[in-house]
Amino acid sequence: MTESRIRPLASAKALQFTESVIREMTRFAAQHDAVNLAQGFPDFPAPTEIKEAAVEAVRADVNQYAITWGAKPFRDAIAERYRAIYGMAVDPERNLTVTCGSTEAMMSTMLALVDPGDEVIVFEPFYENYGPDTILSGAVPRYVQLHEPDWGIDEGELEKAFNNKTRAIIINTPNNPTGKVYSREELQAIATLCQRWGVIAITDEIYEYIIYGGAEHVPLASLDGMSERTVTLNSLSKTYSVTGWRVGWAIASEEATSAIRKVHDFLTVGAAAPLQAAAAAALHLPESYYEKLARDYEVRRDILSESLERAGFRCYTPKGAYYIMTDISSFGFSDDVTFARHLIETIGVAAVPGSSFYHRPEDGAQKLRFTFCKKKATLDEAATRLGKLVAT
Ligand code: GLN
């Protein structure tokens, strides 16, 4: 046998992670005609203004590459919003990179700023992408638990996770999958440790506007002394219900931005030019748009949590984002994957197995995550189907 036959075709890096469980659940749901409450994408229309702006851009022949780090009117609009809402000084020429969704923003940031052997702190449960992001950049993940039922941080545990090898910490607020919204005090504790250890904070704020009951979203970069050492990631996906457009951005210091821009350029060249033109229009929607977005999601959250609780799930009520993490122990299944399959095949509702948010699968074995970024009719249909479930 030749050596090429012995060596697997996949790289050592690619062999270390599996395909996305979230995307796999979407495909499995489609095969079984299940109501898809697994992957977080809306099934209702995007705002008319932004669709019209995209159509107009295509008609106007905005067909060629935008500047690799992003079309100027879009970068200007992003910078202006951060100034207006949070008083943050973002220079569109020096601090901003437009990417293919926040997924690419995260990957480009990690590849640009993290070296093999560096440690990266990840709060757990985590959004599944952060695992492969860490592996692909050669880093070693260090997990810090968010403790149930409120997903609080133990400051002693957090402090212990920092050491001389720590390069970065990933924060996601509002949080997927728990719905936690990090408080100003928690962020301040993280900021203090980042400053003490010279660590970069990478903060995924994609659910920024999806926030409930008066909770406040605080960008880590807006805390004293943090703009220099924070990379803030965001995208159009969740705020404007266009997850398939793949338009996101990274805000960072000038030095970090020049590294992120280089990686981004060679990975993707740039995000879709006509959609960047439309994105500038999205960022000019009135404030009432964001208020309604949050209010409408709060109604959907309450509809879904009521149906889930009626069916026998225990819900961790989210304060932000559009997921409900649930406890499935009342159903008596050995693990989350078996139960998720049963739910799709027998009941006709898809969710994401809790284990995909933990590095030790057993920690998520009695959990499932449901999304409520769906029309009322979809949530009602899911409720009817969930009514067939029997808790033990
Ligand atoms: N963020 C979404 C989720 O957690 C989906 C993201 C994706 O599939 N790219 O379901």
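This briefing covers the overall build of the chain, one helix and several single residues. The model is predicted. The chain holds 14 helices and 14 strands. Its radius of gyration is 21 Å, close to the 21 Å that the globule rule gives for 392 residues, so the chain is as compact as a globular protein of that length.

**Overall build**

- Taken along the principal axes, the C-alpha atoms fill a box of roughly 60 × 55 × 50 Å.
- Of the 392 residues, 56% count as buried.
- The chain exposes about 16900 Å². Carbon and sulfur atoms supply 53% of that area.
- Take the contacts between residues at least 6 apart in sequence: 75% of them join residues at least 24 apart.

**Helix 14**

- Helix 14 spans residues 376-386. Its buried residues are T378, L379, A382, A383 and L386.
- Seen down the helix axis, these buried residues fall within an arc of 140°, so they line one face of helix 14.
- K376, A377 and T384 are exposed on the other side of the helix.
- The cover over the buried residues of helix 14 includes two helices, helix 12 (287-311) and helix 13 (336-347). It also includes strand 1 (35-36) and strand 12 (349-350).

**T257 in helix 10**

- T257 is found in helix 10, which runs over residues 254-268.
- T257 is buried because its relative accessible area is 1%, under the 20% cut-off.
- The side chain of T257 reaches the backbone oxygen of R94 at 3.4 Å.
- R94 is also among the contacts of T257 when neighbours within four places in sequence are left aside. The others are N95, L96, T97 and A252.

**S241 in a loop**

- S241 lies in the loop between strand 8 (230-235) and strand 9 (248-251).
- Although it sits in a loop, S241 is buried, with a relative accessible area of 12%.
- Leaving aside neighbours within four places in sequence, S241 is in contact with P42, F44, A46, L236 and Y297.

**R360 in a loop**

- R360 is found in the loop between strand 13 (352-353) and strand 14 (367-371).
- R360 counts as partly exposed because its relative accessibility is 38%, in between the 20% and 50% cut-offs.
- R360 and A66 are 294 residues apart along the chain. Their C-alpha atoms are separated by 42 Å.

**Cysteines**

- A disulfide needs a pair of cysteine sulfur atoms within 2.5 Å. By this rule the count comes to zero disulfides.
- C373 is in no disulfide. Its nearest cysteine sulfur is that of C315, 16 Å away.
- C373 is buried, with a relative accessible area of 0%.
- C100 counts as partly exposed, at 22% relative accessibility. That value is over the 20% below which a residue would be buried, so C100 falls in the partly exposed class.

How values were computed. Residues numbered from 1 in each chain as written. Predicted model: local features only at pLDDT ≥ 70, side-chain atom pairs only at ≥ 80, totals over all residues. Heavy atoms only, no water. Buried < 20%, exposed > 50% of the residue type's maximum accessible area, 1.4 Å probe, protein only. Helix = DSSP H or I, 4+ residues; strand = E, 2+ residues; numbered from the N terminus. Polar contact = N/O pair within 3.5 Å; in protein donor to acceptor, adjacent residues only side chain to side chain. Contact = heavy atoms within 4.5 Å. Rg over C-alpha atoms; globule rule 2.2 N^0.38 Å. Areas by Shrake-Rupley, 256 points an atom, 1.4 Å probe, with all protein chains shown as cover. Arc of directions from axis to C-beta.
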